[in-house]
Amino acid sequence: MMVGLVHHIELNVSDLEKSTEFWGWFLGELGYEPYQEWAKGKSYRLGETYVVFVQTEERFLDAPYHRSRTGLNHLAFHGKSRKHVDDVTAKLEEKGVPILYRDRHPFAGGEGYYAVFFEDPDRIKVELVAPVKGE
């Protein structure tokens, strides 16, 4: 039964082309596939969940996103394994995406919590976390 699971997430972005290039690659690494596309938006789907990116209207671009304000702090995704997290980290670095909390990476979430934290083009924090041992 699907009750309680996330149906979809929709993010307004400042530059649709940059965001879909970034997110299309990352979500593809997790098994998402392109789902819907229209002039001002694009979505990616995995199973019954999809993530939507919509171009922010010009009149709302004056106030940039910041995760410390009220609203979304970050998005976290399950990775397949620690190796998967490491592989994605290497690809992020190749793409020039800064790794957050570099001094504590990959344990920035605490001892035994293996993850990579980074930002999308609008500085939305994203996390890819490996399964806990035994899972």
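Leaving aside neighbours within four places in sequence, with which residues is Phe-26 in contact? In this predicted model, the partners of Phe-26 are Phe-77, Val-88, Phe-118, Val-126 and Leu-128. The elements around these contacts are described below, beginning with the sheet.

Three strands form an open sheet. Their order is 5-7-6, and the pairing is mixed. Strand 5 spans residues 74-78 and strand 6 spans residues 115-119. Both stand at the edges of the sheet. Each has a single partner strand, so one side of each is left without a neighbour in the sheet. On average, neighbouring strands here are turned by 20° against each other, direction ignored. Strand 7 comprises residues 125-129. Strand 7 pairs with strand 6 in the antiparallel sense, over five bridges. Glu-119 stands opposite Lys-125, a residue of strand 7.

Two helices accompany the sheet. Helix 1, residues 16-29, lies across strand 5, strand 6 and strand 7. Helix 1 runs at about 30° to strand 5. Helix 2, residues 82-94, also packs on the sheet. Helix 2 touches strand 6 and strand 7. The direction of helix 2 makes about 30° with that of strand 6.

In soluble globular proteins, nonpolar side chains tend to be buried together. The largest nonpolar core of this model has 27 residues. Within this core, Trp-23, Phe-26, Leu-27, Phe-53 and Phe-77 touch the most other members. Several elements give two or more residues to the core. They are strand 1 (8-13), helix 1, strand 4 (49-55), strand 5, helix 2, strand 6 and strand 7. Helix 1 supplies the largest share, six residues. Apart from this core lies another, of five residues. Leu-100, Ala-108, Ala-115 and Phe-117 are among its members.

Ile-99 sits in the loop between helix 2 and strand 6. Is Ile-99 buried or exposed? Its relative accessibility is 11%, so Ile-99 counts as buried, the cut-off being under 20%. Leaving aside neighbours within four places in sequence, Ile-99 is in contact with Thr-89, Leu-92, Glu-93, His-105, Val-116 and Phe-117. Ile-99 and Phe-117 are 18 residues apart along the chain. Their C-alpha atoms are separated by 6.0 Å.

Technical notes: Residues are numbered from 1 along each chain as its sequence is written. This is a predicted model: local features need pLDDT of at least 70, side-chain atom pairs count only at pLDDT 80 or more; totals for chains, interfaces and linings use all residues. Side-chain values use heavy atoms; hydrogens and water are left out. Two strands pair if DSSP finds at least two bridges between them. Helices (H or I, at least four residues) and strands (E, at least two) are DSSP runs, numbered from the N terminus. Axes are lines fitted to C-alpha atoms, for helices over the stretch in contact, and angles run from 0 to 180 degrees between N-to-C directions. Contact means heavy atoms within 4.5 Å. A nonpolar core is a set of buried Ala, Val, Leu, Ile, Met, Phe, Trp, Tyr and Cys residues joined through side-chain atoms within 4.5 Å. Buried means under 20% relative accessible area, exposed over 50%, partly exposed in between (1.4 Å probe, protein chains only).
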